Amino acid sequence: MVSKTRLILSDFVVSLMWVWSGSLIKIFVFKVLGMGHDSRGEFLKNSLSIMNMFLFAFLGKVTKGGAYNPLTILSSAISGDFSQFLFTIGARIPAQVIGSITGVRLFIDTFPEIGLGPRLTVDIHKGALTEGLLTFAIVTISLGLARKIPGSFFMKTWISSVSKLSLHILGSDLTGGCMNPASVMGWAYARGDHITKEHILVYWLAPIEGTLLAVWTFKLLFRPQKQDEKEKLKGKTE
């Protein structure tokens, strides 16, 4: 019970920190340093974003599982037992959402001149398709990394960070390239459009469907590692 409570608190704090970190990077690059949205400014911002993802990957290890993205823990929960699934959707994801909302509210109070997060710039169907495909891609990559290089923190984090950044850039002009319903919820709540059809369909339903499809597709194409190990041991004994 104590470990579950600690995990919920970790999700809350890490989610709050995540919405702050992304916005602080933009303020530092474009306002403090005065760099424009040219190649130099974007290169520095993207480099800091990758370093930021390394930091949060490290925080995930320190907190023994604390996460800021509902899709990350949802993909694991789908593969786990039913009690883990209920704990994820009933406690951990709400903690991430509340952490993101709290973080955005505190950030806006501190920096009132900042913008109000990602917005949908295409129609709802294109937006949903974009977020769904981006989510499918990053979840598939994450599952593949966990299977192929389970013990290498640096290599796994590097590939994951570059992949997330690349997919974010691809979708940034359409939906914001978020792939994180909790973070988007924080900004949408601040704007007052968190219960609109566009928000729910594009930033919640589409990514969740993309996550489910990625997990099921991965299970279909790749057998669990334990099953592979059992078959190898069986082959050796024979």
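**Exercise 1. At what angle do helix α5 and helix α6 pack, and how far apart are their axes?**

Work this one out on the predicted model shown above.

Step 1. Find the two helices: α5 covers residues 124-148, and α6 covers residues 153-171.

Step 2. Compare the axes. They lie 10 Å apart, and the packing angle is about 170 degrees.

Step 3. Classify the angle. Anything over 145 degrees counts as roughly antiparallel, so that's the label for α5 and α6.

Step 4. List who touches whom. On the α5 side you'll find T130, L134, A137, I138, I141, L145 and A146, and on the α6 side K156, I159, S160, S163, K164, L167 and G171.

Step 5. Sort those contact residues by character: eight are nonpolar, four polar and two charged.

**Exercise 2. Take S163: is this residue buried or exposed, and which residues beyond its sequence neighbours does S163 contact?**

Step 1. Place the residue: S163 belongs to helix α6.

Step 2. Check the accessibility. S163 has a relative value of 14%, and the buried class runs to under 20%, so S163 counts as buried.

Step 3. Skip the neighbours within four places in sequence, and S163 is left touching I138 and I141. Both of those appear on the α5 side of the α5 and α6 contact.

**Exercise 3. Now D173: where is D173 found, and how far is its C-alpha atom from that of F154?**

Step 1. Look past α6: D173 sits in the loop between α6 and α7 (181-191).

Step 2. Check the accessibility here too. D173 comes out at 64% relative accessible area, so D173 is exposed.

Step 3. Go back 19 residues along the chain to F154, and the two C-alpha atoms turn out to be 30 Å apart.

**Exercise 4. Which residues do ring pairs link into a cluster with W18?**

Step 1. Start with the full search, which turns up nine aromatic pairs in the whole structure. One of them is W18 with F56, an edge-to-face pair with 5.1 Å between centres and 90 degrees between planes.

Step 2. See what this pair joins. W18 is in helix α1 (residues 2-32) and F56 is in helix α2 (residues 39-62), a separation of 38 residues, so to speak a link between distant parts of the chain.

Step 3. Check burial: W18 counts as buried at 18% relative accessibility, and so does F56 at 5%.

Step 4. Bring in Y68. Its ring centre is 4.0 Å from that of W18 and the planes meet at 10 degrees, so this pair is stacked. Because W18 lies in α1 and Y68 in the loop between α2 and α3 (70-79), the pair ties together parts 50 residues apart in sequence. Y68 is buried as well, at 12%.

Step 5. Put the pieces together: W18, F56 and Y68 form the cluster.

**Exercise 5. How many of the 10 residues of α3 are buried, and what covers them?**

Step 1. Count. Seven of the 10 are buried, so α3 is largely enclosed by the rest of the structure.

Step 2. Name them: P70, L71, I73, L74, S75, A77 and I78.

Step 3. Look for the cover. Among the elements over these residues are α4 (82-110), α5, α7 and α8 (197-221).

Technical notes:
Residues numbered from 1 in each chain as written. Predicted model: local features only at pLDDT ≥ 70, side-chain atom pairs only at ≥ 80, totals over all residues. Heavy atoms only, no water. Phe/Tyr/Trp six-rings, centres within 6.5 Å; stacked < 30°, edge-to-face > 60°. Helix = DSSP H or I, 4+ residues; strand = E, 2+ residues; numbered from the N terminus. Buried < 20%, exposed > 50% of the residue type's maximum accessible area, 1.4 Å probe, protein only. Axes fitted to C-alpha atoms, helices over the stretch in contact; angles between N-to-C directions. Parallel < 35°, antiparallel > 145°, perpendicular 65-115°, else oblique. Contact = heavy atoms within 4.5 Å. Nonpolar A, V, L, I, M, F, W, Y, C, P; charged D, E, K, R; others polar.
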